[in-house]
Amino acid sequence: NLRDVLSNLVPKEQSRIKNFKTQYGNIGSISVDMIYGGIRGMKGQVYETSVLDADEGICFRGYSIPECQQLLPKAPGLAEPLPDGLFWLLVTGQVPTEEQVNWLSKEWAKRAALPSHVVTMLDNFPTNLHPMSQFSAAITALNSESSFAQAYSEGVNKAKYWWEVNSMDLIAMLPCVAAKIYRNLYREGSSIGAIDSSLDWSHNFTNMLGYRDATFTELMCLYLTIHSDHEGVNVSAHTSHLVGSALSDPYLSFSAAMNGLAGPLHGLANQEVLVWLTALQKEMGGEVSDEAMRDYIWNTLKSGRVVPGYGHAVLRKTDPRYTCQQEFAFKHLPDDPMFKLVHQLYKIVPNVLLEQGKAKNPWPNMDAHSGVLLQYYGMTEMNYYTVLFGVSRALGMLAHLIWSRALGFPLECPKSMSTNGLITLVGANNSS
């Protein structure tokens, strides 16, 4: 039982952080560039569930993606880790047993039913409303089920905020919301069917979407696991934390996060890669030589455009999330023309970017691959891809929200300044 495990962990972590805060003072410094540059690189938030390492990539509670693939429990007959197990790891810091993952899967299945007013709302949305807009609106409407809001209004003790947070309930319902949107938009409003309490979270999700291929379910296990978390100050994760710091329940804080994820600079990267690959394939025809491909990449760069899916602000090697998707493709779709194109680019683009001399990290990130895999299994509706991304990101954000409540993180309230105020401050500091 996750609640019992956390009941033992929370007091220990509260004590550890209290001692740390009393023993140490300042951390680092803040530059003017940071303030005007989207606060990039500024250390300003505690976020335990994942850390991005320049060499290892994203690590979930200290475990790299290859380690998670090896250690986390898997569904019978499948090779990729269950996202259910990853959530347990993100919340507790402990690799779960199969028994613990089975408990979590069944617990989510019990909580998955959507209230009728949310189903009606989704059915009444026009088909030209973007899937992410529908997703965000439905999550906000689930606020009607908020036991946290009810407990808060009744004066629940602050020490109990962490379990009243509804993270489990929202995660349980998200696949139903996402599948309902998919069926309404792309499958003529057909039924998502019923939750099967004997199946895990990913398997129920793919069934509700209408995909019965076991390999697609295995892909979704991998996809939902590797997209689940990416530190705490990207747009969506920080939005979730910021709104949650006002003691907004997870329905309100996560829906706000999804509005951030819907922005083209955040959640649309794999879609943009796929559009670019499709255009490249159309222009170049069938298989092309490496030399012709190299010329195409150079012409792209010389025209002032970028190669989407390549480069990362932190990583200094190929994104491990790209690598594990590449391994999946080699195993299950080695002769797919689009995958062969992606792999050809992988051999050529980094060297061209290094020759150009502008990219600090010329290697591919996860977005360079994920859309190709979804296309192969028949999910060609690119506008929907960010919804999948959002379902996955719930695991990290809502695990963090549990700990935000448990550790009593306050309302986030940094200081803003005018340019004139900054000039005065910098001048005062320089003269002292």
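A salt bridge here is a side-chain nitrogen of Lys or Arg within 4 Å of a carboxyl oxygen of Asp or Glu. The structure is a predicted model, and Glu287 and Lys340 make a handy starting point: their side chains meet in a salt bridge, 3.1 Å from N to O. This pair ties together distant parts of the chain, with Glu287 in the loop between helix 14 and helix 15 and Lys340 in helix 17 (residues 337-356), 53 residues apart. Glu287 comes out as exposed, at 74% relative accessibility, while Lys340 is partly exposed at 37%.

The same loop can be looked at through another residue. Val288 also sits between helix 14 (269-284) and helix 15 (290-302). Setting aside residues up to four places away in sequence, Val288 touches Met293 and Gln344. Asp33 is a long way off: 255 residues from Val288 in sequence, and 44 Å from C-alpha to C-alpha.

Back to the charged pairs. The structure holds nine salt bridges. One of them joins Arg16 to Glu13, with the closest N and O atoms 2.8 Å apart. The two residues are about one helical turn from each other, because they lie three residues apart in helix 1 (residues 2-23). Their surroundings are another matter: Arg16 is exposed, with a relative accessible area of 52%, whereas Glu13 is buried at 15%.

Arg111 pairs with Glu107, and here the closest N and O atoms are 3.0 Å apart. Arg111 counts as partly exposed at 23% relative accessibility, and Glu107 is buried at 12%. This pair does not stand alone, since Glu107, Lys110, Arg111 and Asp169 are linked in a network of salt bridges.

Next, the cysteines. A disulfide is a covalent bond between the sulfur atoms of two cysteines. A search through the whole structure turns up zero of them. Cys221 is in no disulfide, and the nearest cysteine sulfur, in Cys324, lies 13 Å away. For Cys324, the closest cysteine sulfur is that of Cys68, at 10 Å. That is too far for a bond, because the cut-off for a disulfide is a sulfur pair within 2.5 Å. Cys221 is buried, with a relative accessible area of 1%, and Cys324 is buried as well, at 2%.

On to the strands. Strand 1 (residues 50-53) and strand 2 (residues 57-60) run antiparallel and are joined by four bridges. The connection between them is a hairpin, made through three residues. Asp53 of strand 1 stands opposite Gly57 in strand 2, and the bridge partner of Ser50 in strand 2 is Phe60. In a regular strand the side chains alternate between the two faces of the sheet. Strand 1 has Ser50 and Leu52 on its covered face, with Val51 and Asp53 on the uncovered one.

That leaves the annotated positions. The unreviewed UniProt entry places the feature "active site" at His266, His312 and Asp367. Although these positions are spread over 102 residues of sequence, they cluster in space, the largest C-alpha distance being 12.8 Å. From this set, His312 is part of the lining of the second largest pocket.

His266 is found in the loop between helix 13 (250-261) and helix 14. With a relative accessible area of 18%, His266 is buried; the cut-off for that label is under 20%. Not counting residues up to four places away in sequence, His266 touches Asn234, Val235, Ser236, Gly260, Leu261, Phe389 and Arg393.

Asp367 is likewise in a loop, in this case the one between helix 17 and helix 18 (370-376). Its relative accessible area is 15%, so Asp367 is buried. Leaving aside neighbours within four places in sequence, Asp367 is in contact with Ala269, Asn270 and Val273.

Terms used. Residues numbered from 1 in each chain as written. Predicted model: local features only at pLDDT ≥ 70, side-chain atom pairs only at ≥ 80, totals over all residues. Heavy atoms only, no water. Contact = heavy atoms within 4.5 Å. Buried < 20%, exposed > 50% of the residue type's maximum accessible area, 1.4 Å probe, protein only. Pairing = 2+ DSSP bridges. UniProt positions renumbered as here; feature names shortened; annotations may be inferred. 1 Å grid on protein atoms, 1.4 Å probe; cavity = no way out; pocket = protein on both sides within 12 Å on 5 of 7 lines; lining within 4 Å.
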